Amino acid sequence: MKPKETLLSTTEIKKLAESEIENDHSSFSMDTALREDAFELDDDLKIELIEKHFKEIMLILGLDLNDDSLSGTPHRVAKMYVKEMFKGLKPENEPKSRLFENKYEYKNMLIEKNISFHSVCEHHFVPIIGNAHLAYFPNDQVIGLSKLNRIVGYFAQRPQVQERMTMQISKMLKEVLKTEDIAVIIEADHLCVAMRGVQDESSSTVTSDFSGKFKDAECREELIKFISMK
Ligand SMILES: [Zn+2]
């Protein structure tokens, strides 16, 4: 093994750094910060390139990639990034939300609670593990319940910030369900807090977004009561 040959050249590193500065968009937007050319490479090429670069990281860390247990890791990680963990970056993976006629005239609060999800903190690339609670007041149309889980999954499968994920889910629910009466609550453990820095394993983060009828205190109390119910 000649690690020097496989490491990035100084020019390549400089180029990468420059493109990072160019693409340093403000992160206050509700949209995930994506490059304009985000979807120009197909999945297979992305896997091939990530594999190559992940191998570099492992080599820099001093790992011996001739070892049986490590040799397949760059490919496994690359495939997992593109096909699983970050698949929600691709707009074509947005769940198709079919609506059904609200035949029962059910106009009360509907809650889908404890939707478990796994995401990745975009600042450290380590897991965020949590539960989402979604609620809405149906209009003339209702959505299949599993679609609510899929919407959470779509926004979880990308590098995330919990606050933004909360707002992204709320926005999509408003668009799909054609109502402002939407509530989103997310409680999650951030492994970057547990594994590094302050190494606090017991703290968790709660975020919420209440719109329409959920701005009313009584309505919110009812929602919290239902969510806390076993
Ligand atoms: Zn983090």
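Visitor: How many bridges join E2 to E5, and do they run parallel or antiparallel?
Guide: Two bridges join them, and the strands run parallel. Two strands count as paired if DSSP finds at least two bridges between them, so E2 and E5 pair. One bridge partnership sets Cys121 opposite Gln160 in E5. This is a predicted model: local features need pLDDT of at least 70, side-chain atom pairs count only at pLDDT 80 or more, and totals for chains, interfaces and linings use all residues. Residues are numbered from 1 along each chain as its sequence is written.

Visitor: What makes E5 a strand?
Guide: Strands (E, at least two residues) and helices (H or I, at least four) are DSSP runs, numbered from the N terminus. E5 spans 159–160, so the strand E5 meets the minimum of two.

Visitor: How do you know which strands are the edges of the sheet?
Guide: The open sheet has five strands in the order E5-E2-E3-E6-E7, with mixed pairing. E5 and E7 are the edge strands, as each pairs on one side only. Strands of a sheet pair through backbone hydrogen bonds, either parallel or antiparallel.

Visitor: What joins E3 to E2 and to E6?
Guide: Nine bridges join E2 to E3, which run antiparallel. His118 has Ile129 in E3 as its bridge partner. E3 also pairs with E6 (residues 182–190) over nine bridges, again in the antiparallel sense. There, His133 stands opposite Ile185 in E6.

Visitor: Is E3 mostly covered or mostly open?
Guide: Mostly covered: seven of its ten residues are buried. A residue is buried if 20 or more other C-beta atoms, placed from the backbone, lie within 10 Å of its own; it is exposed if 12 or fewer do, and partly exposed in between.

Visitor: Why is Phe125 classed as it is, buried or exposed?
Guide: Phe125 has 11 other C-beta atoms within 10 Å, so it is exposed. Phe125 lies in the loop between E2 (110–121) and E3 (127–136). That hairpin has five residues between the strands. Phe125 has a positive phi of about 55° although it is not a glycine.

Visitor: What about Gln199, buried or exposed?
Guide: Gln199 has 8 other C-beta atoms within 10 Å, so it is exposed. Its loop runs between helix H8 (191–195) and strand E7 (205–210). Gln199 has a positive phi of about 50°, though it is not a glycine.

Visitor: And Ser71, buried or exposed?
Guide: Ser71 has 12 C-beta neighbours inside 10 Å, so it counts as exposed. Ser71 is found in helix H4 (residues 68–71).

Visitor: Why is the packing of H6 and H7 given the class it has?
Guide: H6 (residues 145–156) and H7 (residues 162–177) pack at about 140°, with axes 10 Å apart. That angle makes H6 oblique to H7. Angles under 35 degrees count as roughly parallel, over 145 as roughly antiparallel, 65 to 115 as roughly perpendicular, and the rest as oblique. Axes are lines fitted to C-alpha atoms, for helices over the stretch in contact; angles run from 0 to 180 degrees between N-to-C directions.

Visitor: Which residues of H6 and H7 meet?
Guide: Ile151, Val152, Phe155 and Ala156 in H6 meet Met165, Gln168, Ile169, Met172 and Leu173 in H7. The residues of this contact divide into eight nonpolar, one polar and no charged. Ala, Val, Leu, Ile, Met, Phe, Trp, Tyr, Cys and Pro count as nonpolar, Asp, Glu, Lys and Arg as charged, and the others, Gly among them, as polar. Contact means that the C-beta atoms of two residues, placed from the backbone, lie within 7 Å.
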